[in-house]
Amino acid sequence: MRELLGQPRLIGRLEERLIRGEASHAYLISGPRSIGKHTFALRIAQTLLCQTGRTPGGCGTCLACRKIERGAHPDVRSIERPPDKERISIEQVREMERDLALKPLEGEYRVVIVDDAAELSPDAQHSLLKTLEEPPRHAVLLIITRTPQGIEETIVSRCQPLAMRPVPTQRLRAYLFERTADAELADLVAPLAQGRPGAAIVLAADEAERTRRLAMLDELFDLVGMRLIDRFGFANRAAQAAAKDRPGLEARLTLWLELLRDACVGNAVTPLHPDRVERTTRLAAVAGNRRLARTAALLTRLRDDLDRNSNARTALELLMLDLPYAPEFERAA
Amino acid sequence: MPERRALYLRYRSQTFAELVGQEPVARTLRNAIAHGQVSHAYLLTGPRGTGKTSTARLIAKAVNCLRPKDGEPCDECEHCVAIRDGRFLDLIEIDAASNRSIDDVRDLREKVRFAPTSGTYKVYVVDEVHQLSGDAFNALLKTLEEPPAHVIFVLATTEAHKVPPTIVSRTQRFDLRRIPHRLVVETLRAICARESFRCEDAALEAIARHASGSLRDAESILDQVATFGDGAVTQKEVADLLGLADADEVAALFDALAASDAARGVALVEHLVDDGRDLREFTRRSLDHSRALVVAQTTRSIPPEASESAAAALERQAKAFTLARLARVVRRLTEVDVELKYGEVSSLSLELAIAELCVDAAPQPTRSEPPAARESARPTPPSARPSPAPQRRAPETPRSSSVVDLAERRAAPRVEVGAEPPAYALETVVSVWSTVVDRFRAKSMGLATHLALAEPVGVSGQVLTLSFANDFARAKVSSDTVRPELERQLADLVGSGVRVRCVLARAETSSDDPMLRAAREIFRKPDRILEVE
């Protein structure tokens, strides 16, 4: 499908079915942030409603495809959380259900996109159930969510699953090169995006963010060369920054985990951060795999705790105590 | 448009006999209806996809059928056909999740009074009933208790605990259970025969395993596989669709773990990801495999259903793993399973687990801690350090820094012991220690607590050294009223004369290094603390 990266298995099968007119009445599109779930939903709608018919992903140029892209197609309805609310309300779902009962205006289908289903209030989720089970014949519901565990089991069981997975870094690099024609930039950005095309596009365009991410990678090595007192100073600063920018802290910990992974598994496997291989290898030699694996386990736990809103400073300080110490990583003042 | 109604809708059970896996419920209902003992209200509960809505419709059919046979609807008469097609006027389905207010219930109460149009009974099916609001439930109470003679209520829900007890007690409750694996497979096979799909047994097994007792899930998967495969349901298609790992890949992971080859294990995960496989599914299969290994090791038998290559792998690996190591593998993989469940989609957590497990196979770890600060980097003179410590442990980790065991430097009491050959083993004392504590518990709770926190640290001749965390406890136990009694009890349990010496655990109290104290608190008494310089 147009501009949809990775997921070859998933898309190949789906296209075939959509074009044969055998769309299921409900799909559950799941996958991590910025991986392209909404794009995927739009492409499905375009495949179903494209005026040329039988074009996987839609032609992208006909009136129907363009209207869908702009969110202006009368037969495609998107349900999202209003910016001033915490959740998608039951009223929004009811309104959609009333609408869905009517025959489509332009094409053969009425498509509903719910993004993100985890934001549906519990009542709204339940009110979706009956529609999801036996919707009108012209209906196709596309339910978007990060993980199926975030929504009611009864909803999941009524949908066909479309699980999107991280895009291999090589594929991301190729895509970035195609887009920007800048090989150096592609090499730099692809490993930072953690398999998410959306993140890659943002990083390619935003130099400040890119520099920030690269600096985060180097922090780990600096910390290994720091004495405790300096580490605690760092933890303090990072925790203060995290008060305003939690995702930033999560990204930082994930990047560190990726470095530890590279160090633990050695050279036999493609490294996630090829530019840092020299230092990860050195780190492994100094601290030992076992030691690093342990730190990685602690880091994973801390990241989970942070996800459940634990205290950032305590978490970081614990990590500071656990990180191995090797003076050769000390940065010349 | 071609037929695009899902299989699970087309194959809804149309008679009690067709209802899968709910034998007791079906029989009870059929008998009641055959004997004219129809209740005025039913409550159907059970997990997703077990047949609640189907049963509700069956009740409507059975009571309204023109030619019922022993309580079983004929599925041919006018009424049965009308119900099947969803156009029978006396079957009213209410979606309680969308119509959950008190006004909706009031409206319902009004309508309930009118006689059925064509059938014998008017049947109200209230699906997702747990979603009614509190007021709505209460408004329903009177109607539910004594409805008009021509009305039957069938309430259905996945969450029975959310239905108020006052409602439950006015209904006959039936709990539908998860459908057994075997029955799911048989049902799938029957559908394949009716739809003339060509199917492999292994494929149906895999589908049923994935559906875990929900027939709707199973039929939904079958639906997808069959359309993609153009009517062929093969193991490969199912594995592809669900992202299942095959047994050989799972076995390959365990071979890598057995060889402590982290690189190979991680390369395998990389390959799975590139292939678009579901890592959570793979982790689950790996957990199953480790269970099979535990069984193979303890019973020395290979499950007969294992394929030839799987049996060979089990036999090979059962020799390569110790039970303790397998336990670690299971624990770590379970953690990964949870991480993957809650949104961690990248392969990182599985890769790290593999790296960790491969490293774990080697002997006990060392810890390197950074010095507290520049000025306190050398809190004690170098002569106090037993330098051979690092070489003794973990020879496989090359290390450029020298490592010092802080705990050893702080010389815990155990170092002082060992002048005479012991008259009994320290392990014996440790193993009976809880019994000793129990015996004292009857006399004095406080004393028992002191003893429970005391640590037998050494034996020299008949003298047992007990280490105490604080001086108060030490003084209490070594007092002339307590010590002789303790010695008697110990002699009784150990089977030799015992003299007790009480000392203070110095490592705990040494206040010269706040860093060490902090580290101890944070890591909750680690085995040892090392310092890297």
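The largest nonpolar core in this predicted model has 185 residues. Those with the most contacts inside this core are L142(A), I143(A), I59(B), V154(B) and I207(B). The element that gives the most to the core is helix α12 of chain A, residues 246-265, with 10 residues. A second core, separate from this one, has 16 residues, among them L466(B), F468(B), A473(B) and C502(B). For I207(B), the contacts beyond its neighbours within four places in sequence are L188(B), A218(B), I221(B), L222(B) and V238(B).

**Chain A**

Chain A has 333 residues, of which 48% are buried. Its secondary structure amounts to 15 helices and 5 strands. Of the contacts in chain A between residues at least 6 apart in sequence, 70% connect residues at least 24 apart.

Helix α4 of chain A covers residues 90-100, and its buried residues are I90(A), Q92(A), V93(A) and M96(A). Viewed along the axis of α4(A), these buried residues fall within an arc of 160°, so they line one face of the helix. An α-helix has 3.6 residues a turn, so residues three or four places apart point the same way. The exposed residues E91(A) and R98(A) sit on the face of α4(A) that is turned away from the buried side. What do the buried residues of α4(A) pack against? Their partners in chain A are β2 (76-79), β3 (110-115) and α5 (122-133).

The loop between β3 and α5 of chain A contains D116(A). The peptide bond leading from D115(A) to D116(A) is cis, with omega near 5°.

Another loop of chain A, between α8 (183-189) and α9 (197-205), holds Q194(A). Is Q194(A) buried or exposed? Q194(A) has 24 C-beta neighbours inside 10 Å and therefore counts as buried, the cut-off being 20 or more. In sequence Q194(A) and P166(A) are 28 residues apart, while their C-alpha atoms are 7.3 Å apart in space.

**Chain B**

In chain B, 5 strands form an open sheet with parallel pairing, in the order β2-β3-β4-β1-β5. The edges are taken by β2 (91-95) and β5 (172-175) of chain B; each has a single partner strand, so one side of each is left without a neighbour in the sheet. On average, and with direction ignored, neighbouring strands of the sheet are turned by 20° against each other.

The partner of β5(B) is strand β1 of chain B, residues 41-45, and the two pair in the parallel sense over 4 bridges. One position in this pairing is L43(B), whose bridge partner in β5(B) is R173(B).

**Backbone exceptions**

Most residues other than glycine have a negative phi, and most peptide bonds are trans. Two serines of chain B have positive phi values, S212(B) and S260(B). The table gives their places and neighbour counts.

| Residue | Phi | Loop in chain B | C-beta neighbours within 10 Å |
|---|---|---|---|
| S212(B) | about 35° | α9 (201-211) to α10 (215-228) | 14 |
| S260(B) | near 50° | α12 (247-258) to α13 (262-274) | 16 |

With 14 such neighbours, S212(B) counts as partly exposed. S260(B), with 16 other C-beta atoms within 10 Å, is partly exposed.

Key
Residues numbered from 1 in each chain as written. Chains lettered and ligands numbered in written order. Predicted model: local features only at pLDDT ≥ 70, side-chain atom pairs only at ≥ 80, totals over all residues. Buried ≥ 20, exposed ≤ 12 C-beta atoms within 10 Å, placed from the backbone. Contact = placed C-beta atoms within 7 Å. Arc of directions from axis to C-beta. Pairing = 2+ DSSP bridges. Axes fitted to C-alpha atoms, helices over the stretch in contact; angles between N-to-C directions. Core = buried A, V, L, I, M, F, W, Y, C linked by C-beta atoms within 7 Å.
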